[in-house]
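Biologist: I would like to learn how to read a model of this kind. Could we go through it feature by feature?

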Amino acid sequence: MALRRCHLNPKKTLFLLCDIQEKFRPAMPLFDNMVKNVDKLTKAGKALDVPLIVTEHYPEKLGKTVAQLDVSHAKLVSGKTLFSMFTPEVKAVIKDIFNDKPEDVVLYGLESHICVEQTAIDLLEQNINVYIVADCCSSRLNQDRDLALDRLRQAGCVITTSESVIFDLVRDKNNVKFDAIRKLVNQPSVDMELTRSGNGQPVGSAKL
């Protein structure tokens, strides 16, 4: 069954922040850039009352979510050993929040080709629309990230960016939350050197 495409609605949307932990920092290219984008998106979600769930992969060895990210408003911060975020604990909290399931999930974090990808496939199997925030995702190799984004697009996910998600949730300058959001988006998101689907060319570059 084809998933329904629609504008994001804060009351029907869930943010999933996947495994952005301190021990990953040295291994991830553009990690600091990604964290800045994630910080903006997560703060916007908080301002717009979008529920957030956070996972940490094997936190006993890999550490907690990076200190730069305020996830104190999260409905759940859960350790896991499964690569997918769609654990029994997460499923239970999702059901409690939505009395069933969200229409849309905004998914971002680490690593794009492992935990993010497996989470997205699990969500698609539940007929949930999945929005992958490309400028808030990373892998140890950029090629792994970019090829994962291609696979996820082909699987039916919407590949998007942090500002696109934020403005789609707001929808109107007269939104009562717009002043809070405007402060977050005054500065553009940080470049994550994403490539175009299929051709391997950096965004904005000429193909020779």
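**Cysteines, sheet and a helix**

Modeller: This is a predicted model. Start with a cysteine: at 0% relative accessibility, C137 counts as buried.

Biologist: How many disulfides does a search of the whole structure find?

Modeller: First the general idea: a disulfide is a covalent bond between the sulfur atoms of two cysteines. Here the search of the whole structure gives zero. C137 takes part in none, and the nearest cysteine sulfur, that of C136, is 7.0 Å away. The cut-off for a disulfide is a sulfur pair within 2.5 Å.

Biologist: What is the nearest cysteine sulfur to that of C157, and how far away is it?

Modeller: The nearest is that of C137, 10 Å away, and C157 is likewise in no disulfide. C157 is buried, with a relative accessible area of 6%.

Biologist: Next, the sheet. In what order do the strands lie?

Modeller: In general, strands of a sheet pair through backbone hydrogen bonds, either parallel or antiparallel. In this model six strands form an open sheet in the order β3-β2-β1-β4-β5-β6, and the pairing is parallel. At the edges are β3 (76-80) and β6; each has a single partner strand, so one side of each lacks a neighbour in the sheet. From one strand to the next, the twist averages 25°.

Biologist: How many bridges join β1 and β4?

Modeller: Six bridges, in the parallel sense. As for residues, F15 stands opposite V106 in β4.

Biologist: Which strands does helix α3 touch?

Modeller: Helix α3 (residues 88-98) packs on the sheet and touches β1, β2 (52-57) and β3. The direction of α3 makes about 175° with that of β2.

Biologist: Which residues of helix α6 are buried?

Modeller: The general idea is that an α-helix has 3.6 residues a turn, so residues three or four places apart point the same way. In α6 (residues 162-170), the buried residues are S162, V165, I166, D168, L169 and V170.

Biologist: What covers the buried residues of α6?

Modeller: The cover includes the strands β1 (13-18), β4 (104-109), β5 (129-137) and β6 (158-160), along with the helices α1 (31-47) and α7 (178-185). Just after α6, R171 has a positive phi of about 75°.

Biologist: Which residues does the UniProt domain annotation cover?

Modeller: The unreviewed UniProt entry carries the annotation "domain: Isochorismatase-like" for residues 13-163. In the model, that span is 41% helix and 23% strand, and its end C-alpha atoms lie 16 Å apart.

Technical notes:
Residues are numbered from 1 along each chain as its sequence is written. This is a predicted model: local features need pLDDT of at least 70, side-chain atom pairs count only at pLDDT 80 or more; totals for chains, interfaces and linings use all residues. Side-chain values use heavy atoms; hydrogens and water are left out. Buried means under 20% relative accessible area, exposed over 50%, partly exposed in between (1.4 Å probe, protein chains only). Helices (H or I, at least four residues) and strands (E, at least two) are DSSP runs, numbered from the N terminus. Contact means heavy atoms within 4.5 Å. Two strands pair if DSSP finds at least two bridges between them. Axes are lines fitted to C-alpha atoms, for helices over the stretch in contact, and angles run from 0 to 180 degrees between N-to-C directions. UniProt positions are given in the numbering used here, feature names are shortened, and annotations may be inferred rather than shown by experiment.
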